[in-house]
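Here are a few exercises to work through with the coordinates open. Try each task before you read its solution.

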Amino acid sequence: MTPLGLRYRRADHALVPAWRRWWPLARQEFLVPFRSKVGIAVFCLCLVPAVVRLFVLMIRYGMVDFGAAARGDVIGRSQAWAQWDSGRPEFYVELVMGTWPGLPVLILLTGSATAGAIARDRRTNALELLWTRGITPFGYLLARFCGSLGSLCLVTVAAPLALWVAAALMADDWQQLTSTLPFLGSVLFALLLVSAVWTALCLCLSAMASSPSQAIVLWCLLLVGSTALANIAAGVLREPNLRAWLSVWDAGGTLARHVAGVSTRVALGPALGFLSGLLLLLGLGAWRRLRVGEAVA
Amino acid sequence: MCGFGGFGIELSAATGQGGRMTVVLDGVTIRYGDRVAVADVSVTFPPGASALLGRNGAGKSSLLKALLGLVRPSAGTMRILDLPTDADPRDVRAQVGYMPERDAHLPLLSGFEMVAQLGMLSGMPRRDAWRRAHEVLYLVGLEEQRYRPVSTYSAGMRQKAKLAAALVHDPQVVFLDEPTNGLDPQGREDMLRLVRQLATELGKSIVLSTHILQDVEAVCDGVVVLEAGRVVAQGRLRELTRTAERRFWLRVEPAEAAVGPALAALGVRHEVSGEGRYTVWLAEAAPCQPVFAAVQASGAVVLEFAPQRRSLEEVFLGAVRAEAPVAVGAASAGAAPAGSAVGGGR
């Protein structure tokens with residue numbers, strides 16, 4: 001070990017206010033997907049659906065010329081299917097909420113980062129290091145939530161926003177901008193809201209799990225398992241709406257579509273109740289597992 | 001003042017704390033439901049190294065948790081440095097360094113990132129945290145490995161990284177929980193030397209919670225022994241290991257000389273420890289001369305006559321078995337100034 005007296009001097013700094021101390025932790029969590037080559041590859045993969053839509057926009061607005069037939073085909077499809085029409089909210093909402101590719105993207109992105117956020121800290125006893133600093137457990141949770149939400153929103157909110165900007169810039173006139181601006185706010189808010197709900201659910205599971213891999217498995221089971229159970233329940237009870245109410249994925253979609261103003265025949269109340277109840281249940285479980293006595297030996 | 005060559009900056013060895021108590025507990029009781037983990041503990045830790053000794057479940061961890069503001073005592077007051085007794089726990093933790101016993105690190109981060117991150121969480125601005133992270137990693141000897149992920153460190157390197165993290169915000173008080181866990185003999189010696197230097201050269205108050213009595217003897221000036229949540233012994237190490245009776249190690253030649261009967265005739269308590277070897281007990285004020293005279297009378301010569309001290313192990317075992325509070329010297333864990341005595345832990 002190095003002899004003392006060579007590299008030690010008094011720290012001379014003013015303390016940062018307590019409410020700002022969780023920020024470095026949020027920043028660290030936000031950067032988790034980008035800390036490894038695999039993480040970057042996963043993130044890029046999750047952006048593929050947005051890139052595909054961007055390519056469609058480029059064909060539609062003639063930025064990429066595959067001939068009149070191809071352009072006409074794209075315009076025809078966009079008129080037939082709202083989710084391919086950049087002038088309608090479905091184009092942006094369904095990019096994230098469509099089961100394909102939305103569900104795999106969500107599983108990939110949250111599985112590689114968010115699901116392990118707290119479980120990693122528990123496994124390496126980092127909670128003991130963190131909570132014996134100038135940060136409260138609530139500040140810690142807030143930091144992890146904000147960081148995870150930030151990285152998820154790069155795909156679920158920033159990508160649709162980038163598509164909207166691209167569409168507005170590539171359009172022939174101001175029509176695209178003026179017709180889409182009124183619903184843009186609600187679309188982005190809806191996507192942000194659903195991303196926050198999924199992040200919170202995922203973090204709760206992460207807090208309850210004893211290892212990152214267990215957290216990932218639990219999260220995937222919750223997403224896929226609840227969808228499967230909802231399908232079975234819908235079949236048995238002959239109530240198709242149960243699919244959209246009892247599945248974590250579809251309930252999130254229902255919530256997003258209602259808030260974004262996308263036309264849907266499914267009622268919001270049961271989906272909202274299901275998500276709220278689940279969040280409360282998992283939140284209580286997480287809070288019990290995150291007691292100071294357990295984290296600090 | 002002592003010079004610190006690396007950056008050409010001078011640092012006061014006493015860091016302005018002088019002989020002031022840096023951690024004072026007065027009648028602290030900690031309960032978990034109906035269970036009393038710590039009962040009416042009054043202890044003071046002055047600048048320097050002090051040990052918190054006790055068996056598993058004795059209340060050491062509860063006391064540390066309370067000092068870190070993680071557990072609220074049901075009775076009593078605690079004061080750390082100049083902070084008010086009702087200070088925000090976050091402000092307390094910003095002034096205190098803590099090295100946990102368990103292997104712990106921030107996942108995915110390098111040693112430098114981990115130490116800097118923990119510095120920022122302690123309230124340091126980013127630039128200061130980065131600067132200090134480099135410095136303390138150099139201090140503990142991890143300067144070459146600081147950009148490697150901590151997950152790839154050996155056990156000894158992780159201990160050093162934890163110590164660096166405890167020091168990054170330059171706390172005046174540092175709690176070290178089993179700092180030599182998992183270290184090889186050389187690493188252990190280095191760690192203890194560094195801890196000692198932190199206390200003596202930088203004037204930090206070190207509170208060492210450990211089971212390893214040799215570590216305490218190597219580093220600490222003061223000791224607090226906890227048993228079943230109560231303080232059963234506290235004081236300076238030198239005072240605690242001194243006995244009311246003086247004990248001597250006696251070796252004579254020839255071995256077959258009848259030294260024992262000669263000592264018995266004088267009324268000196270003794271014990272045969274081997275051929276020509278004896279352990280002799282004398283009262284506190286009794287002179288040694290009669291022992292030499294007895295040996296001479298038995299026709300032998302003294303080869304060795306050396307005083308023995310009680311080992312810390314004997315002190316510890318005696319204290320926890322008796323469970324009666326023993327306060328020695330200044331009655332604080334370390335070299336407290338006279339007049340600052342605090343009653344035993346009852």
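The exercises below cover cysteines, salt bridges and a strand pair in this predicted model.

**Exercise 1. Find out how many disulfides there are over all chains, and work out why Cys46(A) is not bonded to its closest cysteine.**

Step 1: Search the whole structure, and you end up with zero disulfides.
Step 2: Take Cys46(A) and look for the closest cysteine sulfur; it belongs to Cys44(A), at 9.1 Å. A disulfide needs the two sulfurs within 2.5 Å, so this pair is too far apart for a bond.
Step 3: Do likewise for Cys202(A): the nearest cysteine sulfur, in Cys220(A), is 8.6 Å away, and Cys202(A) is in no disulfide.
Step 4: Check the surroundings. Cys46(A) is buried at 3% relative accessible area, and Cys202(A) is buried too, at 1%.

**Exercise 2. Work out which parts of chain A the salt bridge of Glu29(A) and Arg120(A) links, and whether its ends are buried or exposed.**

Step 1: Get the distance: the closest N and O atoms of Glu29(A) and Arg120(A) are 3.8 Å apart, and the cut-off is 4 Å, so the pair counts as a salt bridge.
Step 2: Place the ends. Glu29(A) sits in helix 1 and Arg120(A) in helix 7, 91 residues apart.
Step 3: Burial means under 20% relative accessible area. Glu29(A) has 1% and Arg120(A) has 14%, so both are buried.
Step 4: Follow the contacts outwards, and you get a salt-bridge network of Glu29(A), Arg120(A), Asp121(A) and Arg144(A).

**Exercise 3. Describe the salt bridges Glu94(A)–Arg257(A) and Arg251(B)–Glu304(B).**

Step 1: The N to O distance is 2.8 Å for Glu94(A) and Arg257(A). That pair ties helix 5 of chain A to helix 13 of chain A, across 163 residues, and both residues are buried.
Step 2: For Arg251(B) and Glu304(B), the N to O distance is 3.4 Å. Here strand 12 of chain B is linked to strand 15 of chain B, with the partners 53 residues apart.
Step 3: Arg251(B) is partly exposed at 28%, and so is Glu304(B) at 29%.
Step 4: For the full tally, the count over all chains is 16 salt bridges.

**Exercise 4. Work out how strands 3 and 4 of chain B pair, and how enclosed strand 4 of chain B is.**

Step 1: Strand 3 (residues 23-32) and strand 4 of chain B run antiparallel, with seven bridges. Ile30(B) is opposite Val38(B).
Step 2: Look at the turn: two residues lie between the strands of this hairpin, and Gly33(B) has a positive phi near 70°.
Step 3: Eight of the eleven residues of strand 4 of chain B are buried, so the rest of the structure largely encloses this strand.

Note on methods:
Residues are numbered from 1 along each chain as its sequence is written. Chains are lettered from A and ligands numbered from 1 in the order in which they are written. This is a predicted model: local features need pLDDT of at least 70, side-chain atom pairs count only at pLDDT 80 or more; totals for chains, interfaces and linings use all residues. Side-chain values use heavy atoms; hydrogens and water are left out. Buried means under 20% relative accessible area, exposed over 50%, partly exposed in between (1.4 Å probe, protein chains only). Helices (H or I, at least four residues) and strands (E, at least two) are DSSP runs, numbered from the N terminus. Two strands pair if DSSP finds at least two bridges between them. A salt bridge is a side-chain nitrogen of Lys or Arg within 4 Å of a carboxyl oxygen of Asp or Glu.
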